[in-house]
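Colleague: I have a few labels to challenge. Show me the model, then defend them one by one.

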Amino acid sequence: MSKSDNLRKAKEVKNDEFYTRLEDIETEISSHPDYVRQFQGKTVLCNCDDPEWSAFYEFFRQHFKQLGLKKVITTHFKKDGTPSYKLEWDGEMLGDDTVNMIKTPLEGNGDFRSEECIELLKEADIVVTNPPFSIAREDFVPLLFKYNKPFIIIGDLNWITYKNIFPLLRDNQMWLGYSTVKEFKTPEGTIKKFGNKLWFTNLDIDKNHEVLPLTKNYKGNEEKYLKYNNYDAINVDKVTDIPKDYDGIMGVPITFLSSYNPKQFEIIGFGSGYLGQSIGITGIPKEHKAMMKGHSAAGDLYYMMANGKPKVPYGRILIRKKEMSL
Ligand SMILES: C[S@@+](CC[C@H](N)C(=O)[O-])C[C@H]1O[C@@H](n2cnc3c(N)ncnc32)[C@H](O)[C@@H]1O
């Protein structure tokens with residue numbers, strides 16, 4: 001391995017060791033009856049979770065009865081390459097307060113991509129974990145889809161701008177869960193704050209069926225909703241400003257995804273970079289780029305004109321209202 005590979009690896013490992021707090025798992029899962037009822041009789045796999053410290057393991061142990069689980073399985077990764085083990089519990093007690101955990105050695109180091117861990121993935125009904133940040137988007141999520149697994153996992157808001165994740169959100173194969181996760185524990189026992197971590201799931205949750213109330217009018221307020229020069233859509237700066245009387249395409253902030261109901265809206269695309277290009281958004285003409293001196297987003301592929309000057313809005317999701325039959 002080259003020196004730079006080693007450095008990258010070291011950085012990855014460092015960036016992966018952030019542990020979820022029990023209260024954040026409870027806030028997302030056990031306080032929502034729509035999630036709870038979907039665990040009935042199920043086998044849960046936590047495949048990035050060392051039972052010695054993982055709050056996911058602790059959560060499923062404590063909430064085993066509430067969720068009506070059949071079994072919980074945890075596996076974890078040994079960075080030094082030594083063999084890991086799996087821990088399983090089917091709810092059986094040995095006496096009043098001793099849980100009958102079955103510990104079985106694994107052949108390998110517990111990498112969720114290994115054959116033996118994939119066998120456990122196949123056995124599981126639902127996967128619940130906070131996967132390693134460094135390989136979650138590229139390796140963990142695709143594996144869940146390859147094996148068609150229901151899941152509740154922690155991920156990053158930035159994922160939605162990537163070409164392997166955005167289509168899954170657009171095509172309603174996964175969506176945002178209820179809460180954001182602001183704090184994680186470090187191996188040193190300190191707390192690290194994040195502003196962009198949140199839950200993703202493909203379980204059917206009530207939130208996706210709630211209708212976003214639309215109160216604003218486009219007609220009569222056209223000057224507030226600028227049209228993009230190079231895409232046939234209007235710009236909407238706040239989710240609460242989405243007008244009730246505009247039937248064309250609208251560019252809305254990413255936070256829209258928290259209130260997205262697929263019966264109310266369709267997602268058309270994401271308005272910048274490769275994803276923007278793939279829906280026909282063209283580059284910014286040279287003369288306009290020149291007017292945007294020093295604008296760090298000048299490389300973005302779409303822009304709008306405001307007060308005679310080009311202005312690139314923040315990342316926008318392009319959506320259209322659907323005819324709803326409520
Ligand atoms: C963000 S941490 C979260 C840990 C735990 N799930 C939690 O929420 O507290 C991700 C964990 O995945 C582990 N990990 C890294 N690469 C892995 C792999 N290939 N397979 C399984 N786990 C891995 C890391 O060592 C780290 O402990």
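Modeller: Start with a cut-off: a residue is near a molecule if one of its heavy atoms lies within 4 Å of it. This is a predicted model. In it, 21 residues surround the ligand. The closest are Asp16, Glu17, Thr20, Asp49 and Phe112.

Colleague: What makes the ligand's approach to the side chain of glutamate 17 a polar contact?

Modeller: The limit is 3.5 Å between N or O atoms. An N or O atom in the side chain of glutamate 17 is 2.6 Å from an oxygen atom of the ligand. That value is within the limit, so the pair counts.

Colleague: And how do you know that threonine 20 and threonine 129 qualify?

Modeller: Same test for both. For threonine 20, a side-chain N or O atom is 2.4 Å from a ligand oxygen. For threonine 129, a polar side-chain atom lies 3.3 Å from a nitrogen atom of the ligand. Both values are within 3.5 Å, so both pairs count. As for cover, the ligand taken alone exposes 580 Å², and the protein buries 97% of that.

Colleague: Why do you say that the ligand sits in the largest pocket?

Modeller: The label needs more than half of the ligand's atoms within 2 Å of the pocket's grid points. The ligand is assigned to the largest pocket, so it passes that test. The pocket has a volume of about 740 Å³. It is lined by 34 residues, and the closest to its centre are Asp16, Glu17, Phe77, Lys79 and Pro132.

Colleague: Which helices each supply at least two residues of that lining?

Modeller: Helix H1 (3–16), helix H4 (55–62) and helix H7 (133–146). The largest share, 4 residues, comes from H1.

Colleague: How do the shell and the pocket lining divide by class?

Modeller: The shell around the ligand has 11 nonpolar, 5 polar and 5 charged residues. The lining of the largest pocket has 14 nonpolar, 8 polar and 12 charged.

Colleague: How many cavities of 30 Å³ or more does the structure hold?

Modeller: The structure holds 1. About 40 Å³ of space lies in the largest cavity.

Colleague: What makes the residues that line the largest cavity nonpolar?

Modeller: Leu169, Met174, Trp175, Leu176, Leu257 and Tyr260 line it. Leu, Met, Trp and Tyr count as nonpolar, so the label fits each of these residues. The tally is 6 nonpolar, no polar and no charged.

Definitions and conventions. Residues are numbered from 1 along each chain as its sequence is written. This is a predicted model: local features need pLDDT of at least 70, side-chain atom pairs count only at pLDDT 80 or more; totals for chains, interfaces and linings use all residues. Side-chain values use heavy atoms; hydrogens and water are left out. A polar contact is a pair of N or O atoms within 3.5 Å; within protein, one must be able to donate a hydrogen and the other to accept it, and residues adjacent in sequence count only if both atoms are side-chain atoms. Accessible areas come from the Shrake-Rupley method with a 1.4 Å probe; for residues, only the protein chains shown count as cover. On a 1 Å grid over the protein atoms alone, a cavity is a set of points where a 1.4 Å probe fits but cannot get out, and a pocket is an open set with protein on both sides within 12 Å along at least five of seven lines; lining residues have an atom within 4 Å of a point. Grid points are joined across faces, edges and corners, and a volume is the space filled by probe spheres set on the points.
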